[in-house]
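Here are a few short exercises to work through with the coordinates open. Try each task before reading its solution.

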Amino acid sequence: MPQKHKHIHVNAFNMNCVGHIHHGLWTHPRDRSTEYHTLRYWTDLARTLEKGLFDGLFIADVIGYYDVYQGGVDLTLREGIQLPVNNPWLLVSAMAAVTRHLGFGLTATVGAHNPYTFARDVSTLDQLTNGRVGWNIVTGYVDSGARGLGRDGLAEHDSRYDQADDFLELAYKLWEGSWEDGAVIADKARRLHALPGKVHPVVHEGPYYRANAIHMSAPSPQRTPVLFQAGASERGLRFAGQHGEGIFIGARTPEAARQASRQLRAAAVAAGRRPDDIKIYAGAAVVTAPTQAEADEKYADYLAHANAEAGLAHFAASTGVDFARYGLDEPIAFGQSNAIQSAAQAAQQNGWTTRRKLLEQFALGSRYHTIVGDANRVADEMARWIDEGEIDGFNLTRIVVPETWEDFAAITVPELQNRGRYRTSYEEGTLRQQLFGRGDRLPANHPAAQWRRAAQEPQPQLAEELAP
């Protein structure tokens, strides 16, 4: 009997701005990313991705801007390095209206929101999309955003995760516990929309948040959205193991991916969950064409438009180190950062300890692993990462929009399907059902489940309301 291979999950990785990961490519004549502020750009993209049977569109976001490199924003503004950047959440209704199955993973920074109002925003979108919403939980990493929110700077790294834990506990109580199943009956004849006995106020007294209120929205198809996360520090791993369903890793090799995957699955088990309760995605770029020679030619064309220094400026914000202060071959002192701790650790572990070595990694404007080849070459490499790296899929970055994803859908997807490594159609159901095949709701072993209310016999007043 032939071995059944694991299907490869793929998200398109984008941002509501000009320059996202591969900096400088917005200058390519076929790139449309300067149209990011138009609905047509996003609805066209959503149709392309659904045609290619992508899991979803994952939209990154940052609250703030990159002002570490050269001590300011001149290069950030000239190259459009995630500035200007618009709100990703406001795009979803339009894209959902022109698709049926495509999921939407949306980034929101904990410290920029209040759980009570944020929970309503998520429930609203989950209702409008019939359960296709996921939330990428981030804790922030640039001081500029904290200053914009009225603070002196970012709070200490681990305390930001403590705040996120408290935020999530209150959000879980609202999503999972405020409204019982069957609370809404919308009975016009009896003028009875919701049953008061099945709607409950949430009481929360946490270290960062407090509330005593009913969730403003009725339950959405998933109640709690699919939870994405990308923490790789020791504290971030613990947070991801406890809460995350889709986890993003930055790995340069399948071996590095395997190490990260095993750590994440062990963290999930330590939190009382199962190793397969999480899907792990590696960031990657794909340049593909009908032949290897054409793919190589396309890659060379892309390189001509990339800006390695812009990629380095982005990385400077991630590490909190102004690399512009160092000579090309002067050793860089990374030290302890309050930004993304894993970014500085990765640079040191890979020997990227001078500005020259770093610039070499950003040849395509980014340090993401890049696969260049025809359908067979790309499919071979993706399958190798899945099997050897023990991951579930990829966040496929944009290089030239929409060409990157159109090429992948037209050239690589059919080859992956022929190998039994990629879906040939969508299943019905929510984003969580698409990813895990276990229903619309979080499983009972997830920490959110403890706030659900067990089904109870109707109280006298409620029984009277329900009587015909």
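**Exercise 1.** In this predicted model, how far apart are the mean positions of the positive and negative charges of the protein?

*Solution.* Begin with the two groups: the protein has 47 positive and 55 negative charges. Then take the mean position of each group; these two points lie 3 Å apart.

**Exercise 2.** How does the radius of gyration of the protein compare with the globule rule for 468 residues?

*Solution.* Start with the inventory of 16 helices and 13 strands. The globule rule gives 23 Å for 468 residues, and the radius of gyration is 23 Å, so the protein is as compact as a globular protein of that length. Next, look at burial: 56% of the 468 residues are buried, where buried means under 20% relative accessible area. Finally, turn to the contacts with a separation of 6 or more: residues 24 or more positions apart account for 77% of them.

**Exercise 3.** What should helix α1 (residues 39-51) span at 1.5 Å a residue, and how far apart are its end C-alpha atoms?

*Solution.* Helix α1 has 13 residues, and the expected span is 1.5 Å times one less than that number, so it should be 18 Å. The end C-alpha atoms of α1 are 18 Å apart, in agreement with this.

**Exercise 4.** Which elements do the buried residues of α1 pack against?

*Solution.* First pick out the buried residues of α1, among them Y41, W42, L45 and L49; E50 is also on that list. Then follow the contacts of the buried residues: they pack against β1 (9-15), β2 (56-60), α3 (92-97) and α14 (403-418). Beyond the helix, α1 is followed by L53, which has a positive phi near 60 degrees.

Note on methods: Residues are numbered from 1 along each chain as its sequence is written. This is a predicted model: local features need pLDDT of at least 70, side-chain atom pairs count only at pLDDT 80 or more; totals for chains, interfaces and linings use all residues. Side-chain values use heavy atoms; hydrogens and water are left out. Helices (H or I, at least four residues) and strands (E, at least two) are DSSP runs, numbered from the N terminus. The radius of gyration is taken over C-alpha atoms; the globule rule is 2.2 Å times the number of residues to the power 0.38. Buried means under 20% relative accessible area, exposed over 50%, partly exposed in between (1.4 Å probe, protein chains only). Contact means heavy atoms within 4.5 Å. Lys and Arg count as positive and Asp and Glu as negative; His and the chain ends are not counted. The place of a charge is taken as NZ of Lys, CZ of Arg, CG of Asp or CD of Glu.
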